[in-house]
Amino acid sequence: HMISTGHYLATAAGYRILEQGGNATDAGVAAGIAINVTLPQYTSFGGVAPIILHDVERRETVTISGLGRWPKAASIDYFRRHAGGDLPVGVLRTVTPAAADAWLTALRLYGTMTFEQVVTPALELAEQGFPIPASFHRALAGLLEGGHVAGWPSTLEVFFPGGKPPAPGDVLAQRDLARTFQRLIQVERDNASRGREGALQAARDFFYRGEIAEEMVRFCQEQGGLLTMEDLDEFQAKVEPPAVGSYKGIDVLTCGPWCQGPVSVETLHILEGYDLKGMGHNSPEYLHTLLEVLKLAFADRHSYYGDPDFVDVPLDGLLSKAYAADRRNAIDPGRACPEMPLSGDPWPYQQGGPTAEKVAHPEPVSGKLQADTSYVCVVDRWGNAFSATPSDTAGNAPVARGLGFAISARGSQTWLDPDHPCALAPGKRPRLTPNPAMAFKDGRVWMPFGTPGGDVQPQSMVQLFLNVAEFGMDVQQAIEAPRVSTWSFPNSFWPHAYEPGLVGVEGRIHPDTLAELERRGHRLDVWEDWTVRMGCLCAIEVDQARGGLSAGADPRRDGYAIGR
């Protein structure tokens, strides 16, 4: 078995469960909740947690949409009247918390252990504390400097004792979060007579319909938020089929268009028509082609992706190989598109759907290119696999008093333009950046993979995939290779910064290559050699011929892999 996650203590937590006989889902949930404890600057137990998992015995691969929905009281008109047409930082961005439901749903349907068993490593970390690394200190210092956290007493109490961020090496305990875990454990114990699944459901209901729900709603409403008991009572993480594509015989599965996962699939479909290996890894021709194809996929994301419960997304058309061939014709091999290209028309490749009007082409908008989130992947001894991308930072909404976690502020990934597919609506899911993936060969798991990083996620994931599948690197080499990213599209986070033509590149890209990319019209911003802005990739590769596993974890953050 093997596990790789965005934090070494979370990896240790999941490995502990594997060693105790748990399966990939047991270990993935344990690691995911441990990440909620060890990376609260990037994730939350009350945040989001999209999951894709494969169950060998059932021959099933499913996704769990660990993504919340807007409260019923939320509307574009509400934000126009009460927030001046803004989506202000804080509880007004709050959607229903989804991570807890996603973890418990995965465990109930595909795990083997109790909540108490899998949460124990995270409980110990929350209750006893852990020494924080320099990366955590820097993140907390940044949140405090940002300004709004200073007005959130409940957050200051947990993460800023004495009004200052803890120094590297200081032990951080999160006792309110530990008590939340203990309360859920007690409910599970009290309902043990209902069997493992019944007890897990009781714990889940205590969070969404019981005392914890009441405390979340009371806190939100005291802070001016819109969340109600009815919103929580009606929420349920959906178990859904994945979006599916392929690259040269390798199947690639992601979550659906309620997140940006299909961007990776569409990008690979378009790239499949090029001789990438002949171009050479990270050559000017390769990077130019990669960047221009990514721009096309992001243009389609902007025009078509949204919650399928509310939006008619032409996903079959977007992911058809014929559509990819058509999109390939939009690329100039010698010149970069100076802005986000026009979206394509997937409807002719989609059976039974009218051509819809396209979203208006965006105007440039300045703003921060945000990147939070973490990641976990597991492959167990039986061949089951788990891939999840938890998120929601304590810097976007205050920590709920007495509960120890921030309630998802993922409403920040919404548009207030009623014509946009991601327009805010009551009960609608925002379009999510976190998007775990899993690749298969001959119907068997080959590689679960993913990363944090906001809009950089599918870009880094595609580069990892190609480094392994096309250029023959092992997963650690593939993760460590220098990366590039385009930002020539509206950012997913409000206010949707748009930097036409901008390309972020790591400093390790050869200067001659950078010069040629600039000659072709790319507007380059050279970043650090190992920048956290390129994410924190983790992956596990299955050697199907010999039965072995190899894993990689990104040195750009605190990633770590363990296995035996």
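This passage looks at the overall build of the protein chain and then at two of its strands.

The structure is a predicted model. Its protein chain contains 19 helices and 18 strands. The radius of gyration is 22 Å, close to the 24 Å that the globule rule gives for 564 residues, so the protein chain is as compact as a globular protein of that length. Along the principal axes, the C-alpha trace spans about 65 × 60 × 50 Å.

What share of the 564 residues counts as buried? In the protein chain, 65% of them do, where buried means under 20% relative accessible area. The contacts add to this picture: among those between residues at least 6 apart in sequence, 73% join residues at least 24 apart. On the outside, the protein chain exposes about 19000 Å², and carbon and sulfur atoms supply 49% of that area. As for charge, there are 49 positive and 67 negative side chains, and the centres of these two sets lie 1 Å apart.

Strand 10, made of residues 385–388, is a good place to begin a closer look. Both of its faces are covered: Ala385 and Ser387 are buried on one side, and Phe386 and Ala388 are buried on the other. Which strands pair with strand 10? One of its partners is strand 2 (residues 51–55), which runs antiparallel to strand 10 and is joined to it by 4 bridges. Within this pairing, Ile51 has Ala388 as its bridge partner. Strand 9 (residues 376–379) also pairs with strand 10 in the antiparallel sense, over 4 bridges, and here Cys377 stands opposite Ser387. Strand 9 and strand 10 form a hairpin with 5 residues between the strands. In that hairpin, Gly383 takes a positive phi near 95°.

Strand 14 (residues 502–506) can be read in a similar way, and 5 of its 5 residues are buried. Leu502, Gly504 and Glu506 point one way from the strand, while Val503 and Val505 point the other way. Do the partners of strand 14 run parallel or antiparallel to it? Strand 13 (residues 484–486) runs antiparallel to strand 14 and is joined to it by 3 bridges, with Val505 as the bridge partner of Val484. Strand 15 (residues 523–527), in contrast, runs parallel to strand 14, and 5 bridges join the two. In this parallel pairing, the buried Glu506 has Trp527 of strand 15 as its bridge partner.

Conventions:
Residues are numbered from 1 along each chain as its sequence is written. This is a predicted model: local features need pLDDT of at least 70, side-chain atom pairs count only at pLDDT 80 or more; totals for chains, interfaces and linings use all residues. Side-chain values use heavy atoms; hydrogens and water are left out. Buried means under 20% relative accessible area, exposed over 50%, partly exposed in between (1.4 Å probe, protein chains only). Two strands pair if DSSP finds at least two bridges between them. The radius of gyration is taken over C-alpha atoms; the globule rule is 2.2 Å times the number of residues to the power 0.38. Contact means heavy atoms within 4.5 Å. Accessible areas come from the Shrake-Rupley method with a 1.4 Å probe; for residues, only the protein chains shown count as cover. Lys and Arg count as positive and Asp and Glu as negative; His and the chain ends are not counted. The place of a charge is taken as NZ of Lys, CZ of Arg, CG of Asp or CD of Glu.
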